[in-house]
Amino acid sequence: PAMFGHYTGALMASQTLGYIPDKLCAEWVGAFTVASADEVGTYMGFHNGAVVVMAVYSDATSFFLNNGSTEDAGPAVDNALHTWKIVVSKTAGTAEWFVDGTSQGTLVITQDVWPAAFICTAGTTNRWSLAWLHVWYE
């Protein structure tokens, strides 16, 4: 379900944290086991059921973070497992993404697209593999 990034999710997290969180974080170990096509339709990340909110995909050459309208280029494509992370900051108005602990850059958060679910989806050619996932607020 599209439950992340909504006020009620942050409110529930605040009951444990003791404050209203500013960040939504997702970290996962996964691979693009086939990444030979320029295919925005194969990705891992946040989607609201209608549009990509913040997700990683491959264009067969590089990995990118996509916010549904723009993208930020990252490392060269390979088929190995990596630790991926997206940190969405309400205060900054951006999402920063990491591959194996190294920041790849930031993208502006698209307005009025939350809440979202974390999903992995495959298009025509490219394929993904997900080992584990953790989504949390801070």
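Is Tyr7 buried or exposed? Tyr7 is exposed, with a relative accessible area of 54%. The legends below describe close-up views of a predicted model.

**View 1. Tyr7 helps to make a nonpolar surface patch.** Three residues build this patch: Tyr7, Leu11 and Ile20. Its area is about 300 Å². Tyr7 belongs to helix H1, which covers residues 7-17. Tyr7 counts as exposed because its relative accessible area of 54% is over the 50% cut-off.

**View 2. The largest nonpolar core holds 29 residues.** Some members have the most contacts inside this core: Trp28, Phe46, Val56, Trp84, Ile86, Trp97 and Phe118. Strand S1, residues 23-34, gives the most to the core, with four residues. Another core lies apart from it and has five residues. Tyr43, Val52, Ala55 and Tyr57 are among them. In soluble globular proteins, nonpolar side chains tend to be buried together.

**View 3. Phe46 and the residues it touches.** Leave aside residues up to four places away in sequence. Phe46 then touches Phe4, Leu24 and Ala26. Its contacts also include Val52, Val53, Met54 and Ala55. Further along the chain, Phe46 meets Trp114, Ala116, Ala117, Phe118 and Val135. Phe46 is also one of the residues with the most contacts inside the largest nonpolar core.

**View 4. Strands S6 and S7 pair in the antiparallel sense.** S6 spans residues 82-89. Six bridges join S6 to S7. Where does Trp84 stand? Trp84 stands opposite Val99 in S7. This hairpin has four residues between the strands. In the hairpin, Gly93 takes a positive phi near 75°.

**View 5. Strands S7 and S8 form an antiparallel pair.** They pair over six bridges. Val99 appears again here, opposite Thr102 in S8. How many residues lie between the strands of this hairpin? There are two residues between them.

**View 6. Asp100 has a positive phi without being a glycine.** The angle is near 50°. Asp100 sits in the loop between strand S7 (94-99) and S8. Is Asp100 buried, partly exposed or exposed? Asp100 counts as partly exposed, because its relative accessibility is 45%.

**View 7. The loop between S8 and S9 holds Asp112 and Pro115.** Strand S8 covers 102-108 and strand S9 covers 117-121. Asp112 has a positive phi of about 60°, although it is not a glycine. Asp112 is exposed, with a relative accessible area of 79%. Which peptide bond is cis? The bond from Trp114 to Pro115 is cis, with omega near 5°. Trp114 is also among the residues that Phe46 touches.

Note on methods. Residues numbered from 1 in each chain as written. Predicted model: local features only at pLDDT ≥ 70, side-chain atom pairs only at ≥ 80, totals over all residues. Heavy atoms only, no water. Core = buried A, V, L, I, M, F, W, Y, C linked by side-chain atoms within 4.5 Å. Buried < 20%, exposed > 50% of the residue type's maximum accessible area, 1.4 Å probe, protein only. Contact = heavy atoms within 4.5 Å. Patch = residues over 30% accessible without salt bridge, like charges linked within 9 Å, V, L, I, M, F, W, Y side chains within 5 Å. Areas by Shrake-Rupley, 256 points an atom, 1.4 Å probe, with all protein chains shown as cover. Salt bridge = Lys/Arg side-chain N within 4 Å of Asp/Glu carboxyl O. Pairing = 2+ DSSP bridges.
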